[in-house]
Amino acid sequence: MPKVRIRPDQLPIGETTNRWLWFLAVGSLVLAGCASGEAQPKTSLFEDDHELPLHWPTDVADISVKLRARLSAPDASTELLAEIEDLVSWTAEVAADTNLTETDWLPLYQASESMTANLRNAKGALTPENKSQLESLCNLIDEAAAKIPEQLPQFSKGES
Amino acid sequence: MSQSVSMMLVGGLVRMLQGFVQAAPTLLVGLMIASILRYYLGHQGTRRLFGGDSVRSLPQSWLVGMLLPVCSIGVLPILFEMRRAKVKPGAMSAFALSAPLFNPLSLLYGLTLSRPFVIILFAVGSLFVVTVLGFFWDAIAKRRTLSVTGDVDDLEDACEQDHLIGLRRVFATVVHFSREATGSMLGVTLIALSGLALLAAVLPFGAMQHSVERDDWWAPLRMLVVAIPVYATPMMAMGQMGMMFQHANSPGASFALLILGTGLNFATPLWFGRYFGWKAASLWMASLLLVVLTLAYAINKPLVPPGVEPAGHTHAFDIYANPLSAYHTINTETVRQTVSKDLDVSVVASLGILAIVVAFGLLMRMLQIDETWLVKNAKAGSFASSLKTETLATRRGLDIVVPRGVIGATMLAGLVALSVVACFAYYPSPDECLDEISLARAECLSAANSGQLDHALFWLPVWEDWSRRLEVGAFIRAGEVRPYQRMQGYLIRKKLELLEHELEHDPFEPEETKQVVREILATNSRWVRSFHSLGCGD
């Protein structure tokens with residue numbers, strides 16, 4: 001939509017006689033340190049929104065692939081551990097965004113919740129117990145990925 | 001980003017009109033409660049309701065505030081009556097802050113937003129704030145030796161005086177209610193809403209979208225400054241907190257917004273200053289800010305729901321910034337369209353009732369009918385206490401004069417019960433919600449696919465609002481919202497927000513929009529069936 005600049009004297013709403021409004025506006029300007037001027041041209045109001053992190057998984061199976069890759073890395077850097085924590089916490093969301101049934105989704109959700117809590121309790125350290133639990137989570141993710149149907153089962157009522 | 005003076009003025013006007021529209025229902029309730037306190041509970045009953053002089057007065061006032069459905073403007077006429085009844089200043093402070101924060105409707109809504117314990121924690125936090133402030137305010141009042149003792153004697157005398165009963169009392173209540181709606185309350189309302197105009201003038205469109213991120217150390221302090229002039233209804237505040245949770249914004253900033261943005265407005269400290277002295281009110285305000293800021297930083301740990309990838313921005317505070325961007329044409333049509341977006345059935349009905357009440361109030365003022373006139377023109381039989389001395393036949397059996405405190409308490413209990421019932425009306429059964437969602441979905445997605453942006457952007461928030469109501473409706477009927485349902489709800493709202501962004505792209509990108517629509521449809525199928533399989537209404 002083209003930007004339209006309107007001079008104050010063109011304003012249609014009560015601006016011509018109420019001088020105090022102008023004083024109020026000028027006062028607000030001074031207080032806020034704002035100044036009237038041209039708005040910057042832009043193509044979108046939300047230019048940089050919703051950029052996905054680089055390690056965001058492409059699908060459910062990709063979570064376990066990415067997790068195993070990080071678990072097998074020789075040095076567990078802080079960044080790597082943070083990515084592991086991210087991947088675990090994204091598991092439920094990524095799995096819910098597929099045709100996986102609720103029954104098959106629930107164990108994944110519970111496992112990722114539990115794993116997230118354990119990782120937070122360990123404060124960044126990857127303990128042997130956590131490693132083992134992460135392996136189990138990866139297996140669970142693989143099993144769930146194999147169960148995802150192409151289409152949702154038939155459901156007769158109320159869907160449009 | 002800067003904005004022109006005309007944009008500041010018109011934006012401020014739009015925000016004030018929107019604020020008035022939002023305030024109408026709770027302002028009406030506040031005026032009604034004030035009249036009930038005046039004519040039914042009386043001084044003693046009102047003092048008893050707020051805990052009298054006992055130590056429980058602060059938590060009791062907080063609890064009463066939690067149950068009554070008023071906003072920070074609607075609470076002001078009640079404060080007038082509390083002051084008239086000589087309720088302890090601390091209890092008034094506790095009630096003034098807590099009543100606008102929560103009510104049964106908003107509390108239920110809040111419980112479904114994040115983990116329930118977060119909202120409960122916020123409620124407990126508000127109790128802590130009002131208790132600390134209440135003790136402080138009582139201490140100031142003691143030092144300033146407010147003439148409570150002498151006034152209590154006056155009160156006792158007043159209680160012995162005649163008071164109206166029956167239909168004449170009902171009429172007196174209506175007269176007071178309507179006259180108040182046309183009196184100083186209008187000025188107070190304007191002062192309260194002026195904060196929104198100031199914010200619109202100071203904050204350009206979308207200025208707060210990146211200001212309260214979870215890792216921003218300044219977020220609680222920044223929100224503290226912004227929240228002081230804010231006026232927000234309890235439901236609006238809960239909606240904003242929902243968006244903040246969804247975007248994993250700073251919890252400390254959320255808390256500051258809840259207590260200061262919802263709990264008070266520009267008129268609240270002015271009211272305290274006028275009746276208790278400016279120095280005392282300044283101390284009260286400073287203490288409030290200190291307590292809120294301390295608590296905000298104490299709880300300001302990241303609160304990211306499991307499986308949630310924060311978007312890095314939020315639209316929760318767009319409502320406080322200027323509604324007009326450089327892309328808007330500034331004219332009366334823009335103002336009309338922007339304001340009318342907030343008009344739902346409850347708001348239109350409230351505005352209609354308010355208009356009738358104001359017209360009646362003006363008529364009463366023209367005819368000079370007020371409380372004094374009613375008392376002067378009443379017959380002896382119109383007064384409760386006169387019955388003792390009248391030479392009337394002795395009342396027998398069930399023919400008794402019900403004490404006005406009993407009627408008043410029943411009315412207030414009825415109001416609370418009504419708001420609980422209203423929860424079930426406002427949050428219908430999942431099947432009803434799904435019907436509404438089906439309508440909003442069809443309108444929104446077909447408009448998005450065909451490039452009718454304004455139509456799609458109108459129906460999108462309707463759909464989002466019903467998605468929340470669906471969850472609360474299921475929660476109050478089934479006792480839970482399952483994790484899968486919650487996650488699907490989160491996904492649908494996340495994708496709706498993506499769609500909103502696509503629709504606001506300039507130039508419009510039809511292919512990208514259609515892709516988002518396809519993804520929404522897939523999520524929608526899963527989301528809808530998760531509630532159908534719940535068994536609610538099936």
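**Exercise 1. Glu519(B)**

Glu519(B) sits in helix α22 (residues 510–532) of chain B. Keep in mind throughout that we're working with a predicted model. Your task: work out whether Glu519(B) counts as buried, exposed or partly exposed.

*Solution.*
- Step 1: count the C-beta neighbours of Glu519(B) inside 10 Å, which gives 15.
- Step 2: compare with the cut-offs, where 20 or more means buried and 12 or fewer means exposed.
- Step 3: with its 15 neighbours, Glu519(B) therefore counts as partly exposed.
- Step 4: for a distance to check on screen, go to Leu496(B), which is 23 residues from Glu519(B) in sequence and 9.9 Å away, C-alpha to C-alpha.

**Exercise 2. Two lysine and glutamine oddities**

Find out what Lys86(B) has in its backbone, do likewise for Gln368(B), then sort each as buried or exposed.

*Solution.*
- Step 1: locate Lys86(B) in the loop between α3 and α4 of chain B.
- Step 2: read its phi, which is near 60 degrees, a positive value in a residue other than glycine.
- Step 3: Lys86(B) has 20 other C-beta atoms within 10 Å, so this lysine is buried.
- Step 4: move on to Gln368(B), in the loop between α16 and α17 (371–376) of chain B.
- Step 5: phi of Gln368(B) is near 55 degrees, again positive in a non-glycine residue.
- Step 6: Gln368(B) has 8 C-beta neighbours inside 10 Å, so this glutamine counts as exposed.

**Exercise 3. The helix ahead of Lys86(B)**

Lys86(B) follows helix α3(B). Say how many residues of α3(B) are buried, and which helices those buried residues pack against.

*Solution.*
- Step 1: helix α3 covers residues 75–84 of chain B, and seven of its 10 residues are buried, leaving the helix mostly covered.
- Step 2: the buried set is Val75(B), Leu76(B), Pro77(B), Ile78(B), Leu79(B), Glu81(B) and Met82(B).
- Step 3: these residues pack against α1, α4 (89–98), α8, α9 (184–202) and α13 (267–276) of chain B.

**Exercise 4. How α12(B) meets α14(B)**

Describe how α12(B) and α14(B) are arranged, and name the residues that make the contact.

*Solution.*
- Step 1: two packed helices are described by the angle between their axes and the distance between the axes.
- Step 2: the axes of α12 (residues 251–263) and α14 (residues 278–298) of chain B come within 7 Å and cross at roughly 150 degrees.
- Step 3: an angle over 145 degrees counts as roughly antiparallel, so that is the label for α12(B) against α14(B).
- Step 4: the crossing of α12(B) past α14(B) is right-handed.
- Step 5: on the α12(B) side, the contact uses Gly252(B), Ala253(B), Phe255(B), Ala256(B), Ile259(B) and Leu260(B), and α14(B) supplies Val292(B), Leu295(B), Ala296(B) and Tyr297(B).
- Step 6: sorted by class, the contact of α12(B) with α14(B) has nine nonpolar residues, one polar and no charged ones.

**Exercise 5. Ala256(B) and the core**

Find which residues touch the most other members of the largest nonpolar core, then trace what Ala256(B) touches.

*Solution.*
- Step 1: this core has 127 residues, and Leu199(B) and Ala256(B) touch the most other members.
- Step 2: helix α1 (residues 5–49) of chain B gives the largest share of the core, with 24 residues.
- Step 3: setting aside residues up to four places away in sequence, Ala256(B) touches Pro220(B), Met223(B), Leu224(B), Ala227(B), Val292(B) and Ala296(B).
- Step 4: look at helix α10 (residues 219–227) of chain B, where the buried residues are Ala219(B), Pro220(B), Met223(B), Leu224(B), Val226(B) and Ala227(B).
- Step 5: the buried residues of α10(B) pack against α9, α12 and α14 of chain B.
- Step 6: apart from this core lies another, of 50 residues, including Ile63(A), Leu108(A), Ala456(B) and Ala474(B).

**Exercise 6. A crossing at another angle**

Classify the packing of α8(B) on α16(B) and sort the contact residues by class.

*Solution.*
- Step 1: α8 (residues 166–182) and α16 (residues 345–366) of chain B pack at about 95 degrees, with axes 7 Å apart.
- Step 2: angles of 65 to 115 degrees count as roughly perpendicular, so α8(B) is roughly perpendicular to α16(B).
- Step 3: the contact residues divide into nine nonpolar, three polar and two charged. Arg179(B) in α8(B) and Arg365(B) in α16(B) are among the residues that meet.

Key
Residues are numbered from 1 along each chain as its sequence is written. Chains are lettered from A and ligands numbered from 1 in the order in which they are written. This is a predicted model: local features need pLDDT of at least 70, side-chain atom pairs count only at pLDDT 80 or more; totals for chains, interfaces and linings use all residues. Axes are lines fitted to C-alpha atoms, for helices over the stretch in contact, and angles run from 0 to 180 degrees between N-to-C directions. Helices (H or I, at least four residues) and strands (E, at least two) are DSSP runs, numbered from the N terminus. Angles under 35 degrees count as roughly parallel, over 145 as roughly antiparallel, 65 to 115 as roughly perpendicular and the rest as oblique. A crossing is left-handed if the near helix is turned anticlockwise from the far one by less than a right angle, and right-handed if clockwise. Two residues are in contact if their C-beta atoms, placed from the backbone, lie within 7 Å. Ala, Val, Leu, Ile, Met, Phe, Trp, Tyr, Cys and Pro count as nonpolar, Asp, Glu, Lys and Arg as charged, and the others, Gly among them, as polar. A nonpolar core is a set of buried Ala, Val, Leu, Ile, Met, Phe, Trp, Tyr and Cys residues joined through C-beta atoms within 7 Å.
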